[in-house]
Amino acid sequence: GVLIGLGLSLLMVLRRAVRSGVHVQRLEPGSWRVVVAGTVSFLAIPRLSRVLAQVPRGTHVVVEVVADYLDHAAQDHLAG
């Protein structure tokens, strides 16, 4: 029973880490908002890259981070 509980909790942690919410919204011409929510770890970097690639270069971007957890790899990716 203990091993089953540990396995299920590990699956729940992985699911939560992979399913971070990252989406982009156009506010007005030349202005975008990117919202990063949930648990943001290195596992979310590919999704974060895809969403940030949707924003045209040279536009104003507001990044809202509403995260339970933000690891250093994801933070470095957002800062760069």
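Visitor: Where does a residue stand, in this predicted model, if its relative accessible area is neither under 20% nor over 50%?
Guide: Buried means under 20% relative accessible area and exposed means over 50%. What lies in between is called partly exposed.

Visitor: Is glutamate 64 buried, exposed or partly exposed?
Guide: The relative accessible area of glutamate 64 is 29%. Buried requires under 20% and exposed over 50%. Glutamate 64 is therefore partly exposed.

Visitor: Which side chain meets glutamate 64 in a salt bridge?
Guide: The count of salt bridges comes to one. Its N to O distance is 3.4 Å, inside the 4 Å cut-off. The pair links distant parts of the chain, strand E3 and strand E2, 31 residues apart. The partner of glutamate 64 is arginine 33.

Visitor: Which residue is the bridge partner of glutamate 64 in the strand pairing?
Guide: Strands E2 (residues 31-40) and E3 (residues 60-70) run parallel and are joined by 10 bridges. Between them the chain passes through helix H2 (residues 45-53), in a right-handed β-α-β crossover. Within this pairing, glutamate 64 of E3 is matched with valine 35.

Visitor: How far from aspartate 71 is the nearest side chain of opposite charge?
Guide: Aspartate 71 sits in the loop between E3 and helix H3 (72-79). Leaving aside neighbours within four places in sequence, its contacts are Val40, Ser41 and Phe42. Aspartate 71 is buried and has no salt bridge. The nearest side chain of opposite charge, that of arginine 47, is away by 13 Å.

How values were computed: Residues numbered from 1 in each chain as written. Predicted model: local features only at pLDDT ≥ 70, side-chain atom pairs only at ≥ 80, totals over all residues. Heavy atoms only, no water. Pairing = 2+ DSSP bridges. Helix = DSSP H or I, 4+ residues; strand = E, 2+ residues; numbered from the N terminus. Right-handed = clockwise from strand over helix to strand, strands pointing away. Buried < 20%, exposed > 50% of the residue type's maximum accessible area, 1.4 Å probe, protein only. Lys, Arg positive; Asp, Glu negative; His and termini not counted. Contact = heavy atoms within 4.5 Å.
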